[in-house]
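Here are some exercises to work through with the model open in your viewer. Try each one yourself before you read the solution.

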Amino acid sequence: MKIFLTILFYGVSQFLCSQNNFNWKLSSEKHHNFGDNISSWDIDLYDNIYIANESSLKKINLNGESLFSQSIKSFGEISSIHVVNPMKICIFSFDYQSNCFIDNTLTIIDECLDLNEINLQIANKISISNKRNRAWIWDSNNSNLIQISMTIPISIISKSSNLSEIINVKNPIFMEEIENHLFLFDDKNSLFVFDLFGSLIHQINDFSEDVLLAKNNTKLWSIENQILYRFEDDFSKVSIAKIPIQNIKNFKLSENYIYIQSNKGIHIYSIDKKK
């Protein structure tokens with residue numbers, strides 16, 4: 001009996017320690033109920049949230065107060081939003097193969113870029129580069145990784161060879177440039193890491209089925225089984241925080257908050273960095 005109690009106590013102690021062995025603690029939840037009416041969203045440095053519902057855009061602050069709204073019906077459904085900086089936001093329409101920049105009031109800046117002008121088969125995913133006025137495009141039809149200029153006239157800066165014999169990506173879910181790497185994640189839960197010349201240098205496959213990825217500053221992050229992980233320079237993962245909700249659809253990170261999308265809207269938790 002003493003041995004059993006000792007083992008039981010040790011097991012419970014280990015469980016409690018493992019539950020508290022995180023660098024961050026999440027608290028002070030805010031919840032903004034948008035339901036499933038979100039086609040894309042992003043955040044800026046001031047913790048404002050940009051939310052697209054088909055061709056409609058809305059900008060709200062941290063407390064959920066509406067700051068600006070805009071409807072761009074001629075643009076089609078907004079497939080993705082990338083905040084370049086608080087004064088310049090990139091929106092992409094897969095249906096129209098078009099890319100526009102908007103300002104902090106959600107007003108379109110200059111002329112939109114028509115990706116058909118560079119004779120792409122189809123741009124499945126677009127990601128803003130850290131280099132000024134550049135972006136990455138994944139063309140699934142030709143398995144090409146393409147870097148383009150984001151100025152008029154639009155032009156191709158670099159284009160990879162057909163990568164279908166190396167990787168078989170048909171439906172890219174996540175593509176982001178972080179530091180000196182470009183990360184491409186597909187619906188088969190494979191993460192491909194390229195250098196900035198478009199050469200594949202690494203591949204990671206050991207993800208859970210419910211994995212989600214996000215970018216913050218100079219790091220790649222993931223949520224798996226309600227645990228937030230940070231990727232290190234050697235592509236290893238470090239567990240950072242326990243996520244308090246289930247059925248997560250997407251997430252974003254700022255300096256002081258984590259934003260989590262569920263089927264009930266966007267939940268915002270403040271971050272207490274213990275270490």
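**Exercise 1. Which residues have the most contacts inside the largest nonpolar core?**

Before starting, note that this is a predicted model: local features need pLDDT of at least 70, side-chain atom pairs count only at pLDDT 80 or more, and totals for chains, interfaces and linings use all residues. Residues are numbered from 1 along each chain as its sequence is written, and side-chain values use heavy atoms, with hydrogens and water left out.

Step 1: pin down the term. A nonpolar core is a set of buried Ala, Val, Leu, Ile, Met, Phe, Trp, Tyr and Cys residues joined through side-chain atoms within 4.5 Å. Buried means under 20% relative accessible area (exposed is over 50%, partly exposed in between; 1.4 Å probe, protein chains only).

Step 2: read off the core. It has 18 residues, and the best-connected ones inside it are Trp24, Leu228, Ile243, Phe251, Leu253, Ile258 and Ile260.

Step 3: see who contributes. Two or more residues come from each of β1, β18 (212-216), β19 (219-224), β21 (237-242), β22 (250-253), β23 and β24. Strands here are DSSP runs (E, at least two residues; helices are H or I, at least four), numbered from the N terminus.

Step 4: look for a second core. Another one, of 16 residues, lies apart from the largest, with Cys90, Leu120, Met150 and Ile154 among them.

**Exercise 2. List what Leu228 touches, leaving out residues up to four places away in sequence.**

Step 1: set the cut-off. Contact means heavy atoms within 4.5 Å.

Step 2: collect the partners. Leu228 touches Trp24, Trp221, Ser222, Ile223, Val238, Ser239, Ile240, Ala241, Ile243, Phe251, Leu253 and Ile258.

**Exercise 3. Work out how strand β24 is covered and paired.**

Step 1: check burial. β24 (residues 265-273) has seven of its nine residues buried.

Step 2: take one partner. β1 (residues 24-32) pairs with β24 antiparallel over seven bridges (DSSP must find at least two bridges for strands to pair). His32 has Ile266 in β24 as its bridge partner.

Step 3: take another partner. β23 (residues 257-262) runs antiparallel to β24, joined by six bridges, and Ile258 is bridged to Tyr269. β23 and β24 make a hairpin, with two residues between them.

**Exercise 4. Trace the open sheet of four strands and find its edges.**

Step 1: write the order. The sheet goes β14-β15-β16-β17, with antiparallel pairing.

Step 2: spot the edges. β14 (172-178) and β17 (200-204) each pair on one side only.

Step 3: zoom in on the middle. Five bridges link β15 (residues 181-186) to β16 (residues 191-195), and Leu184 sits opposite Phe192 in β16.

**Exercise 5. Is Asn48 buried or exposed?**

Step 1: locate Asn48 in the loop between β2 (40-43) and β3 (49-53).

Step 2: apply the cut-off. Asn48 counts as buried because its relative accessibility is 11%.

Step 3: list its surroundings. Not counting residues up to four places away in sequence, Asn48 touches Asp42, Ile43, Lys59, Ile60, Asn61 and Leu67.

**Exercise 6. Sum up the protein chain as a whole.**

Step 1: count the elements. There are one helix and 24 strands.

Step 2: check burial overall. Buried residues make up 49% of the 275 residues.

Step 3: look at sequence range. Of the contacts between residues at least 6 apart in sequence, 40% join residues at least 24 apart.
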